[in-house]
Amino acid sequence: MTDRPDILVLNGPNLNMLGVREPTIYGHLTLADIEEMCMERGEALNLAIDFRQSNFEGELVSIIQKARDDHDGIVINAGAYTHTSVAIHDSLALTDLPVIELHLSNVFKRESFRHHSYISDVAVGSICGFGAKGYALALEAMADLVTDA
Ligand code: DQA
């Protein structure tokens, strides 16, 4: 155990395909590149980063449930489950941890089915449209939330 705040950065379905997946929308960086960037930002912000991805809704729910015991905050890009998953909404609601919702793309400039989020109302705030840089912005915001003033 470290005494640094421990942040879960959780990625949902198809984000393992970043780099080859619709690069005009999601950019050319891979998820491994983004993980490396998060590790560096974490070091600079004195946060321990637990970077995870799953394509399975139930697995994401289980990871979120467990975060209650061993993390201090959650940054989540739930991918398409953002727009469909009451189960992920409920698991985030029960954690009692600060949650930041994250999307690479500006979902509000896209199809209307991406305009509704089951995560926004259990999140402190949302970041979207800044590409991979959004992960760094989310960690900065999270550092403020979990660090005593
Ligand atoms: C996404 C936006 C979602 O609508 C989409 O289903 C994704 C990625 C984003 O990061 O922009 O998988 O969450």
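User: Let me start with a single residue: where does glutamate 22 lie?

Analyst: Glutamate 22 lies in the loop between strand S1 and helix H1 (23–26). Helices (H or I, at least four residues) and strands (E, at least two) are DSSP runs, numbered from the N terminus. Please keep in mind that this is a predicted model, where local features need pLDDT of at least 70, side-chain atom pairs count only at pLDDT 80 or more, and totals for chains, interfaces and linings use all residues. Residues are numbered from 1 along each chain as its sequence is written, and side-chain values use heavy atoms, with hydrogens and water left out.

User: Is glutamate 22 buried, exposed or partly exposed?

Analyst: Those words rest on relative accessible area: buried is under 20%, exposed is over 50%, and partly exposed is in between (1.4 Å probe, protein chains only). With a relative accessible area of 42%, glutamate 22 is partly exposed. Its backbone has a positive phi of about 30°, although this residue is not a glycine.

User: What about aspartate 96, and where is its place?

Analyst: Aspartate 96 is in the loop between H4 and S4, just after H4. Its phi is positive too, at about 65°, and it is not a glycine. Aspartate 96 counts as exposed, because its relative accessibility is 69%.

User: Which residues of helix H4 are buried?

Analyst: In H4 (residues 86–95), the buried ones are Ile88, His89, Ser91, Leu92 and Thr95. Looking down the helix axis, you can ask how widely such residues spread; the arc is that of the directions from the helix axis to the C-beta atoms. Here the buried residues of H4 fall within an arc of 165°, so they line one face of the helix. They pack against helix H3 (57–70), strand S3 (73–77) and S4, where contact means heavy atoms within 4.5 Å.

User: How do I read a nonpolar core, and how many residues has the largest one?

Analyst: In soluble globular proteins, nonpolar side chains tend to be buried together. A nonpolar core is a set of buried Ala, Val, Leu, Ile, Met, Phe, Trp, Tyr and Cys residues joined through side-chain atoms within 4.5 Å. The largest in this structure has 23 residues, and Ile7 and Val75 have the most contacts inside it. At least two residues come from each of strand S1 (6–11), helix H2 (31–45), strand S2 (48–53), strand S4 (99–103) and helix H5 (133–146). H5 gives the most to this core, with 6 residues. Another core, of 18 residues, lies apart from it and includes Leu8, Tyr81, Ile119 and Val122.

User: Which residues is valine 75 in contact with?

Analyst: Setting aside neighbours within four places in sequence, valine 75 is in contact with Ile7, Leu8, Val9, Leu10, Ile100, Leu102, Ala138, Leu139 and Met142.

User: How many salt bridges are found in the whole structure?

Analyst: A salt bridge is a side-chain nitrogen of Lys or Arg within 4 Å of a carboxyl oxygen of Asp or Glu. The search finds 6 of them. One pairs glutamate 140 with arginine 41, with the closest N and O atoms 3.1 Å apart. This pair links distant parts of the chain, since glutamate 140 is in H5 and arginine 41 in H2, 99 residues apart. Glutamate 140 is partly exposed at 37% relative accessibility, and arginine 41 is partly exposed at 26%.

User: Which residues are linked in a network of salt bridges?

Analyst: Arg110, Glu111 and Arg114 are linked in that way. Between glutamate 111 and arginine 110, the closest N and O atoms are 3.8 Å apart. Arginine 110 is buried, with a relative accessible area of 18%, whereas glutamate 111 is partly exposed at 35%.
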